[in-house]
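Student: I should like a close look at a single part of this structure, followed outward to related features. Please explain each term as it arises.

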Amino acid sequence: MTRLASPAWPQLVRAGVAAAYERGRIETGIVHLGIGAFARAFVADYTEAALAAGDARWGIVGVSLRHADAHARLAPQDGLYTLLERDGAALRARVMGALTGVLVAPRQPREVMRCLTDPRTRIVTLTITEKGYGFDAAGHLDTAAPDIAHDLRAPHEPSSAVGFIAAALVARRAAGAAPFAVLSCDNLRDNGRSLRRLVLEYAQLAFPDAARWIEEAVAFPNAMVDRIVPRALPQDHADARAAHGYDDAAPVRCEPFAQWVIERFDGARPEWEAAGAQFVADVRPFEDAKLRLLNAAHTALAIFGVLLGHATIAEAAADADIAAYVRALMQQELAPTVAADAALDVADYQRRLWPRFANTALGHGTLQVAMDTSLKLTQRHVPVLRERLARGQPIDRLALLIAGWIRYLAGQREDGSAYEVDDPLAPQLVSLAARQTQDPAGCVRKTLAVAAVFGTLGADAVFAAR
């Protein structure tokens with residue numbers, strides 16, 4: 001069967017599987033760092049709507065900062081891939097044309113810099129997950145992190161996202177080109193402001209003459225992103241072929257739901273509103289709802305789902321005991337910490353979550369969602385615990401989640417079968433968890449003392465005892 005690629009585009013348009021625009025007219029206006037499945041199901045999908053509306057300025061060059069997997073799958077297809085929106089038995093398949101190229105930074109650093117410094121590039125978007133930013137335990141730049149340390153030694157030959165952004169901005173300034181806006185699309189509290197702080201701290205060390213200009217001239221809007229995008233499964237390749245008749249090595253599966261709330265910023269941008277994006281003055285209420293309801297509950301479903309042998313989030317959501325616990329966690333301890341806002345109906349947002357968790361068509365693996373939980377806890381659960389403890393409010397269900405996570409770190413399900421703990425702090429945390437049977441209280445104390453996860457919260461006697 002023929003591989004999906006640009007020559008198929010006119011036929012795909014005629015068949016109604018692709019949007020009706022001339023792909024050859026697209027210019028590159030966005031560089032995306034971290035071109036994984038989420039970026040292709042989210043940023044590219046919203047941008048596709050702008051291209052379909054007739055604005056050809058917003059093609060996307062995707063950059064892989066580490067691995068060549070995405071390039072190997074997408075480059076032979078000229079950036080085309082199939083987006084499969086699944087909801088129960090319902091399936092909607094669309095071929096996406098927004099990607100104008102895919103680069104691998106370690107192999108093509110000069111080409112990455114060329115794209116970043118091109119005056120037509122007006123926006124840089126990122127989905128690099130928590131561990132890609134170079135935070136230290138206090139939320140500042142970790143100058144000892146290998147990529148950051150490398151870039152500080154050779155700032156004009158960067159390897160990290162922060163290094164590429166700073167170096168490209170400095171080069172644009174020297175060339176008299178306007179800066180691009182930098183838009184984080186990761187699940188981080190104050191993601192725009194946090195990234196701005198890292199870039200400024202880096203620039204003060206690597207490019208001190210340009211740091212003030214970056215501070216004053218570059219927009220780093222906060223944004224909230226929401227869409228469940230599991231890993232592709234073999235069935236996705238078959239369904240893509242059935243939808244349009246071509247082999248696709250890079251299909252992406254996702255839920256139909258998507259929400260993008262962006263802080264207003266100056267400068268040219270795509271009409272993302274065409275796909276439902278919201279531009280607001282303050283993203284924080286939406287961030288809180290996402291991090292403290294969807295993400296925090298997702299982690300709970302994953303942790304207890306793994307321990308009780310459920311392969312997917314939908315299976316965990318169908319377990320009566322897990323469902324009762326997670327619903328109570330959301331209603332009694334998480335939702336009360338989400339600030340009221342005229343633009344956000346917290347109760348409605350909460351009601352819409354469970355059908356998304358229960359979507360059996362997604363096949364979202366519990367082990368996948370449980371990855372990197374040490375990083376996620378600091379964003380999603382620790383702030384809520386601090387607030388509730390400070391107010392003297394109960395933390396029973398949050399404490400159970402932390403206990404479940406410590407239990408998960410042992411790498412063994414309740415039925416005795418083993419799994420691998422995938423976490424950047426795994427060597428340290430798994431070693432501590434190995435002592436939980438012999439010394440459970442000591443195991444808890446030592447795990448809570450890991451400052452990279454809990455900061456000073458682990459010293460709270462009420463929290464530790466609970």
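Tutor: The account below begins with one strand and then turns to aromatic rings and charged side chains. This is a predicted model, in which local features need pLDDT of at least 70 and side-chain atom pairs count only at pLDDT 80 or more, while totals for chains, interfaces and linings use all residues. Residues are numbered from 1 along each chain as its sequence is written, and side-chain values use heavy atoms, with hydrogens and water left out.

The part chosen is strand S10, which covers residues 259-263. Helices (H or I, at least four residues) and strands (E, at least two) are DSSP runs, numbered from the N terminus. Because 5 of the 5 residues of S10 are buried, the strand is largely enclosed by the rest of the structure. Here, buried means under 20% relative accessible area and exposed over 50%, with partly exposed in between (1.4 Å probe, protein chains only). In a regular strand, side chains alternate between the two faces of the sheet. In S10 both faces are covered: one side carries Gln259, Val261 and Glu263, the other carries Trp260 and Ile262, and all of these residues are buried.

Which strands pair with S10? Two strands pair if DSSP finds at least two bridges between them. Strand S8 (residues 223-226) runs antiparallel to S10 and is joined to it by 4 bridges. Within this arrangement, Ala223 stands opposite Ile262 of S10. Strand S11 (residues 278-280) pairs with S10 in the parallel sense, over 3 bridges. There, Glu263 has Val280 as its bridge partner.

Trp260 also leads to the aromatic residues, since one aromatic cluster is formed by Phe38, Phe42, Tyr46, Trp260 and Trp272. Rings of Phe, Tyr and Trp (its six-membered ring) pair if their centres lie within 6.5 Å; planes under 30 degrees apart count as stacked, over 60 as edge-to-face and the rest as tilted. The whole structure holds 13 aromatic pairs. In one of them, the ring centres of Tyr408 and Tyr419 are 5.5 Å apart and the planes meet at 20°, so this pair is stacked. Tyr408 belongs to helix H18 (residues 396-408), whereas Tyr419 lies in the loop between H18 and helix H19 (426-433), so the pair ties together parts that are 11 residues apart in sequence. Tyr408 and Tyr419 are both buried. Phe454 and Phe463, by contrast, make a tilted pair, with 6.0 Å from centre to centre and 55° between the planes. Phe454 is buried at a relative accessible area of 1%, and Phe463 is likewise buried, at 4%.

Aromatic rings also meet charged side chains. A charge sits over a ring if NZ of Lys or CZ of Arg is within 6 Å of the ring centre and within 35 degrees of the ring normal. Arg269 lies over the face of Phe279, at 3.7 Å from the ring centre. Elsewhere, Arg23 places its charged end over the ring of Trp9, 6.0 Å from the centre of that ring.

A last arginine gives a contrast with the enclosed strand. Arg445 is found in helix H20 (residues 440-448). Is Arg445 buried or exposed? Its relative accessibility is 54%, so Arg445 counts as exposed. Along the chain, Arg445 and Ala461 are 16 residues apart, and their C-alpha atoms are separated by 9.6 Å.
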